[in-house]
Amino acid sequence: MPELPEVETVRRQLEPRLVGRRITDAGAFASGKFTPAVETTGAAIIAVGRRGKYLLFGLDDDRELVGHLGMTGSFGFRPTSDGPLTPGGADHPHLRAWWLLDGTDAEGEAEEFLVFVDIRRFGRLRVVPRGDYGDIPTLAAAGPEPFDPALNAATFHRALAKSRRPVKTNLLSQRPIAGVGNIYADEALWLAGINPRRTRVGRDRAGDLLDALRAVLRQGIDNGGTTLRDYRNADGGEGSNQRQLAAYGRGGEPCLRCGAEMRRTVIDQRATTWCAHCQR
């Protein structure tokens, strides 16, 4: 599932092509997960933001279109010559929603489609009053953004201490910090030298983990995200961070720090890779 670096990469690609453009028409696959797309017809996009793993499209009528990529979702652009688009139809079997954009963006783009494609249909679209996420529990309960200046070792330690679950599971809950999933949790725990099964992390170690999270997330953003199989950015390209992974998916391989064999197990139904020597 795309995590913060992947979603942020998409946001940065979408923003310059969407802000200032009006949605003149829209369509969606016949599912409540995607039909909110049509509710945006007539609105102009004034901002493209991100919160954790969610994309937030600010509209000029005090609403937001909230998008979650799920496991295989992706946003992209198509020329109007591709129309008419039929979500779920024979010509576009994985198209779940589309928005027709006017041709008035800052870069002089011609009229075109913004599309949402999702093979496995785990993605989701919602339209809500701006900032009102009460009907999206995971988003409403999300912890601070990793790069929030107000987040420090002390506040992160207090957030981690609220749960007695394994630290890996705690990170994936999105409550102590937003946007971290399986890949970057494994990477950060390895970098900080913390065993993913630990249920208590001291203040100093919490500071180490926070630094590690910021480092691996920043690296992921710089590399355009991690593509293991399905993730594609808004231009249809792959990320390159998979070439830099030190822990995730390296079970049975030598640890890049000490040379010991990396271990692989399942913690709360999530595959986890760690070094038994470095992360005791």
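**Met71 and the sheet beside it**

Let me begin with Met71, which has a relative accessibility of 32% and therefore counts as partly exposed, a label given to residues that fall between the buried cut-off of under 20% and the exposed cut-off of over 50%. Please keep in mind that what we are looking at is a predicted model.

Where does Met71 sit along the chain? Met71 lies in the loop that runs between strand E4, residues 63-68, and strand E5, residues 73-79. On the surface, Met71 joins Met1 and Phe122 in making a nonpolar patch of about 290 Å².

From that loop we can move on to strand E5, which belongs to an open sheet of four strands, in the order E1-E6-E7-E5, with antiparallel pairing. Strand E1, residues 23-28, and strand E5 stand at the edges with a single partner strand each, so one side of each has no neighbour in the sheet. From one strand to the next, the twist averages 20 degrees.

The partner of E5 is strand E7, residues 112-118, and the two pair in the antiparallel sense over seven bridges. If you follow the pairing residue by residue, you will find Ser74 with Val117 of E7 as its bridge partner, and Gly73 standing opposite Asp118, also in E7.

Helix H1, residues 4-18, packs on this sheet, where it touches E5, E7 and strand E6, residues 95-101, and the direction of H1 makes about 35 degrees with that of E5.

Finally, is E5, as an edge strand, largely enclosed or largely open? Five of its seven residues are buried, so E5 is largely enclosed by the rest of the structure.

How values were computed
Residues are numbered from 1 along each chain as its sequence is written. This is a predicted model: local features need pLDDT of at least 70, side-chain atom pairs count only at pLDDT 80 or more; totals for chains, interfaces and linings use all residues. Side-chain values use heavy atoms; hydrogens and water are left out. Patches are made of residues with over 30% relative accessible area and no salt bridge: like charges are joined within 9 Å, nonpolar side chains (Val, Leu, Ile, Met, Phe, Trp, Tyr) within 5 Å. Accessible areas come from the Shrake-Rupley method with a 1.4 Å probe; for residues, only the protein chains shown count as cover. A salt bridge is a side-chain nitrogen of Lys or Arg within 4 Å of a carboxyl oxygen of Asp or Glu. Buried means under 20% relative accessible area, exposed over 50%, partly exposed in between (1.4 Å probe, protein chains only). Two strands pair if DSSP finds at least two bridges between them. Axes are lines fitted to C-alpha atoms, for helices over the stretch in contact, and angles run from 0 to 180 degrees between N-to-C directions. Contact means heavy atoms within 4.5 Å.
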